[in-house]
Amino acid sequence: MSNEKLTTRNENYSEWYNQVIQRAEMADYAPVRGCMVVRPYGWALWENIQQALDSRFKASGHVNAAFPLFIPMSFLEKEKEHVEGFSPELAVVTIGGGEKLEEPLVVRPTSETIIGYMYSKWIKSWRDLPVLINQWGNVVRWEMRTRLFLRTLEFYWQEGHTAHASLKEAEEETRRMLDTYTDFAVNEAAVPVIPGRKSNTEKFAGAVHSYSIEAMMGDTKALQAGTSHLLGQNFAKAFNIQYLDVNNELQYCYTTSWGVSTRFIGAIIMTHGDDQGLILPPRLAPIQVVIVPIYKNDEERSKVMQVVEKLQQELKAFRVKVDNRTELTPGFKFNDWEMRGVPLRLEVGPKDVEKGSVMAARRDIPGRDGKTILPQENLAVSVGALLDTIQTALLEHAIAFRDSHIHDPADYESLKQVVKDGWALSWWCGDPACEAKVKEDTKASTRCIPLEQPGGTGKCIVCGKDAAEKVYFAKAY
RNA sequence: CGGGGUGUAGCGCAGUUGGCAGCGCACCGCGUUUGGGACGCGGGGGUCGGCGGUUCAAGUCCGCCCACCCCGACCA
């Protein structure tokens, strides 16, 4: 809580981001470099994200399990690309119980290896397949530069790990989970995302293909908001995940992995937030409706509170908070809840008691324009409708912002211009050298080759050679 | 790991020529307030990042160390 003005997004976007998170009490810096404490309000948002994802995973046949935090160092070394990708950022335990360990233990940066090891024990027959397991947990990656939620040494996520009998099934699973993430992002978080395939240089260490959903933040930078990897037989061969098929022949499995992390909270903050603070999508908001009572004296207070309690009961289908703090003025509370991004505020004062009304204020429309007077009668119905309207409006607003910052540059010179404050969707020949040149010249990298392609062919925006696909170039978090 | 910066109350900062460690916000108490960030009075809170040096005297000068932040290379 603070009554100083928030730094605006235009003044300094990253300062705005840091201040919003701390003032809304989403997270705080931990006493360990690069680590964060997720505070109750931030964790409540994460729990709603978890629930939305977990129910989707279960609906498509996945089950949850828990694997160890520690992984023997030798496990990571079994897959060449994997260890090369992750070794620079590993936290390693060398002492346990005061004794030097025989073999160092890695604090998991991701769990393909230890889960692969277990799968090799569990999978014997084609009848055992597919294995569809998800894990909710935390991982550690020793990053150089950290940002709250976006990149911390330790973060929370879910990682799905599946094993299949055929490449086709594994590919289908990889794409199914990408679709699941897209559905979650768009329909729960109101974060429009572009699903696509990662270039070879951007793909996960050890994957055959990586897919991601890419979102545009309020400063037009791209954020990878979820990933789904087709691992082929790479990990199956490294960990001997084999089964006997119907012809009694030994076969390697095909595996996948996919994850969404607490980074998604950063995506929500930077997609919807404004200069008043957070704006949370109603479906995920820990508090959907805040009721602020207004009164001048004890007599008014008791009348108002009687109505407030009645309304709270009426609205019990929603996540409602009554702000009955007596030491603060209504004006302060308005600003406070706006900072925290509560989608809908209901003001109840003496005038409302008299007229049987409440004043409703939409968080997504600042000032007077977002205020409407609602009758107390059937309030649950009108509040439900208003929350739906807000949810839809947030998505539309975010799509409009994103689309107005996606460009189709005519040549390389204009590509260099447009990626300064937007994304470029351009033909690319697939050569890593062209990718590297763009990054060198502009700091923009390829974000993804969108699943949705215009069709036909074109000329690479960088080298002019024939290109079969379009790719997004953007600066990224 | 390279470049830049900052460490003084919970947060943001001031601290002159070396001379009693301060201000705003937050916090606690009492009272008045309450439809867009209320006000008055009273109060609590400090190993000035650490260690060493110079000096009668160091937050201030000197040296070393540590931590954190920002900009790069790496990344969900």
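**Exercise 1. In this predicted model, determine how many residues surround RNA strand B, which of them are the closest, and which elements supply the surface near the strand.**

Solution. Begin with the count: RNA strand B is surrounded by 38 residues, and the closest are Arg 33, Gly 331, Asn 335, Gly 349 and Lys 351. Next, assign the surface to secondary structure, where strand S11 (222–232), helix H10 (330–339), helix H11 (350–355) and strand S18 (357–362) each contribute at least two residues. Among the contributors, H10 provides the largest share of the surface near RNA strand B, with seven residues. Finally, sort the residues of this surface by character, which gives 13 nonpolar, 12 polar and 13 charged. As for confidence, the complex receives from the predictor an ipTM of 0.86 and a pTM of 0.96, while chain A has a mean pLDDT of 94, with 99% of its residues at 70 or more.

**Exercise 2. Establish how many residues of helix H8 (residues 263–272) are buried, and what follows for the helix.**

Solution. The criterion is that a residue counts as buried if 20 or more other C-beta atoms lie within 10 Å of its own. Going along H8, the residues that meet it are Arg 263, Phe 264, Ile 265, Gly 266, Ala 267, Ile 268, Ile 269, Met 270, Thr 271 and His 272. Because 10 of the 10 residues of H8 are buried, the helix is largely enclosed by the rest of the structure.

**Exercise 3. Describe the surroundings of Ile 95, and decide whether this residue is buried or exposed.**

Solution. First locate the residue, which belongs to strand S5 (residues 91–96). Ile 95 has 10 other C-beta atoms within 10 Å, and since the limit for an exposed residue is 12 or fewer, Ile 95 is exposed. Then list the contacts: once neighbours within four places in sequence are left aside, Ile 95 touches Lys 100 and Leu 101. A further distance places Leu 105, 10 residues apart from Ile 95 along the chain, at a C-alpha separation of 9.0 Å.

**Exercise 4. Work out the strand order of the open sheet that contains S20, S21, S26 and S22, and identify which strands stand at the edges.**

Solution. The four strands are arranged in the order S20-S21-S26-S22, with mixed pairing. Strand S20 (406–407) and strand S22 (445–446) each have a single partner strand, so one side of each is left without a neighbour in the sheet, and these two stand at the edges. To examine one pairing in detail, take S22 and strand S26 (residues 469–474), which run antiparallel and are joined by two bridges; within S26, Ala 474 is the bridge partner of Ser 445.

Conventions
Residues numbered from 1 in each chain as written. Chains lettered and ligands numbered in written order. Predicted model: local features only at pLDDT ≥ 70, side-chain atom pairs only at ≥ 80, totals over all residues. Near = placed C-beta within 6 Å. Nonpolar A, V, L, I, M, F, W, Y, C, P; charged D, E, K, R; others polar. Pairing = 2+ DSSP bridges. pLDDT = per-residue confidence, 0-100. Contact = placed C-beta atoms within 7 Å.
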